[in-house]
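Please find below a short report on the chain shown here, written for a reader who wants to follow its contacts, strands and exposed positions residue by residue.

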Amino acid sequence: MLRKNDIIELKIEDMGVDGEGIGKYDGMAFFVKEALIGDVIRRASSS
């Protein structure tokens, strides 16, 4: 179960309509500003 502030790793696989990168983790989509397809990032979850 994902909790707020857990550190996750996302691979950006798609782009949103406003230019944000989209990565998925455990079936949930995360939108990451200024990320590009192919980027791998680590971030704290927001929910």
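A35 touches I12, M15, G19, E20 and G21 once residues up to four places away in sequence are set aside. The model in which these contacts are found is a predicted one. A35 also belongs to the largest nonpolar core, which has 7 residues in all and further includes L2, I8, L10, I12, F30 and V32. Two strands, β1 (7-15) and β3 (28-32), each supply at least two residues of this core, and β1 gives the most to it, with 3 residues. As a general background, nonpolar side chains in soluble globular proteins tend to be buried together.

Of the core residues, F30 can be described in some detail. Its place is in strand β3, and F30 counts as buried because its relative accessibility, 6%, falls under the 20% limit. Leaving aside neighbours within four places in sequence, F30 is in contact with L2, I8, L10, G21, I22, G23, Y25, R43 and S45. Between F30 and S46, which are 16 residues apart in sequence, the C-alpha to C-alpha distance is 9.3 Å.

Is S45, one of the residues that F30 contacts, buried or exposed? S45 is buried, because its relative accessible area of 2% is under 20%. S45 lies in the segment after β4 (40-44), and, with neighbours within four places left out, S45 is in contact with L2, R3, K4, N5, D6 and F30.

**Strands and their pairing**

The chain holds 0 helices and 4 strands, so that from the N terminus on its elements are ordered β-β-β-β. Three antiparallel pairings can be set side by side, each with one bridge partner or hairpin detail taken up afterwards.

| Strand pair | Sense | Bridges |
|---|---|---|
| β1 and β2 | antiparallel | 3 bridges |
| β2 and β3 | antiparallel | 5 bridges |
| β1 and β4 | antiparallel | 5 bridges |

In the pairing of β1 with β2, the bridge partner of M15 in β2 is G21, while in β3 the bridge partner of G21 is V32. G21 is also one of the residues touched by A35 and one of those in contact with F30. Where β1 pairs with β4, the partner of I7 in β4 is A44.

The hairpin of β1 and β2 has 5 residues between the strands, and G19 there takes a positive phi near 90°. In the hairpin of β2 and β3, by comparison, there are 2 residues between the strands, and D26 takes a positive phi near 50°.

**Backbone angles and exposed positions**

Most residues other than glycine have a negative phi. Which residues other than glycine have a positive phi here? Among them is D26, which is not a glycine but has a positive phi of about 50°. D26 lies in the loop between β2 and β3, and D26 counts as exposed because its relative accessibility of 63% is over 50%. Another is E34, whose phi is near 65°. The place of E34 is in the loop between β3 and β4, and E34 is likewise exposed, with a relative accessible area of 70%.

E13 is an exposed residue within a strand, for its place is in β1 and its relative accessibility is 55%. Apart from neighbours within four places in sequence, E13 is in contact with I22 and I37. E13 and G23 are 10 residues apart along the chain, and their C-alpha atoms are separated by 5.8 Å.

**The chain as a whole**

Taken along the principal axes, the C-alpha atoms of the chain fill a box of roughly 25 × 15 × 15 Å. Buried residues make up 28% of the 47 residues in the chain. If one considers the contacts between residues at least 6 apart in sequence, 41% of them join residues at least 24 apart.

The chain exposes about 3,600 Å², of which carbon and sulfur atoms supply 48%. As for charge, there are 7 positive and 9 negative side chains, and the centres of the two sets lie 6 Å apart.

Methods:
Residues numbered from 1 in each chain as written. Predicted model: local features only at pLDDT ≥ 70, side-chain atom pairs only at ≥ 80, totals over all residues. Heavy atoms only, no water. Buried < 20%, exposed > 50% of the residue type's maximum accessible area, 1.4 Å probe, protein only. Contact = heavy atoms within 4.5 Å. Core = buried A, V, L, I, M, F, W, Y, C linked by side-chain atoms within 4.5 Å. Pairing = 2+ DSSP bridges. Areas by Shrake-Rupley, 256 points an atom, 1.4 Å probe, with all protein chains shown as cover. Lys, Arg positive; Asp, Glu negative; His and termini not counted. Charge placed at Lys NZ, Arg CZ, Asp CG, Glu CD.
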